[in-house]
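Charged side chains of opposite sign can pair with one another within a protein. The following paragraphs lead through such pairs in the structure shown here.

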Amino acid sequence: MAKATLAGGCFWCIEAAFNSVKGVNSAVSGYMGGHVENPTYQAVCAGTTGHAEVVVLDYDENELSYREILEIFFSLHNPTQLNRQGNDVGTQYRSAIFFHDQAQQQAAKEIITEIEQEKIWPDPVVTEVTEATTFYSGEAYHQEYFNNNPENQYCQMVVSPKLAKFKQTFANKLK
């Protein structure tokens, strides 16, 4: 099993998408990249801990490459928005790839360079590429949030449309 850690705005959307991808054994919402031990959701949302909302993936490299994970990741959020995704504003919603080894670091830098060279976005990519640090699992109610709360207004207005687009684009990668 391999591990990938990604931050792309609210973790509910990233987790919901990756939990439906073949080769991903688990996607867990939580926090990384801050300076406070055992942060809570309330503290992270207050912007005082330095953490980003992240999703840690355990995946089978024989079924899914790290490159494919990054391609999916970049389709799920706007990597040119600094410290925000849509109406979610703050450093906790930053775009970041937390690499676990040098190969992941290199792959992340390469795909960002390709995205910028291909001018996929009109603005520069601001996604951080940072070494993974301690992961703190999010509270139980954040795990599989979209699946457990599909009628939630945020899920209806933000997560559901992103997932619909994702599922159409990556239909061949779905479980």
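A salt bridge is a side-chain nitrogen of Lys or Arg within 4 Å of a carboxyl oxygen of Asp or Glu. The model under examination is predicted, and a search of the whole structure finds four salt bridges.

One of them joins K173 and E68, with a distance of 2.4 Å from N to O. This pair connects distant parts of the chain: E68 belongs to helix α3, K173 lies in the segment after α6 (153-169), and 105 residues separate the two. Are these residues buried or exposed? Both K173 and E68 are buried.

Helix α3 also holds a pair within its own length. R67 forms a salt bridge with E71, and their closest N and O atoms are 2.9 Å apart. Because R67 and E71 are four residues apart in helix α3 (residues 66-76), about one helical turn separates them. R67 is partly exposed, at a relative accessible area of 32%, and E71 is likewise partly exposed, at 34%. These two residues are also part of a network of salt bridges that links R67, E71 and E114.

A further salt bridge is found between R94 and E128, where the closest N and O atoms lie 3.4 Å apart. Here too, distant parts of the chain are linked: R94 is in the loop between β5 (88-89) and β6 (95-99), while E128 is in strand β7 (residues 128-131), 34 residues apart. R94 has a relative accessible area of 7% and is therefore buried, whereas E128, at 31%, counts as partly exposed.

Notes
Residues are numbered from 1 along each chain as its sequence is written. This is a predicted model: local features need pLDDT of at least 70, side-chain atom pairs count only at pLDDT 80 or more; totals for chains, interfaces and linings use all residues. Side-chain values use heavy atoms; hydrogens and water are left out. Buried means under 20% relative accessible area, exposed over 50%, partly exposed in between (1.4 Å probe, protein chains only).
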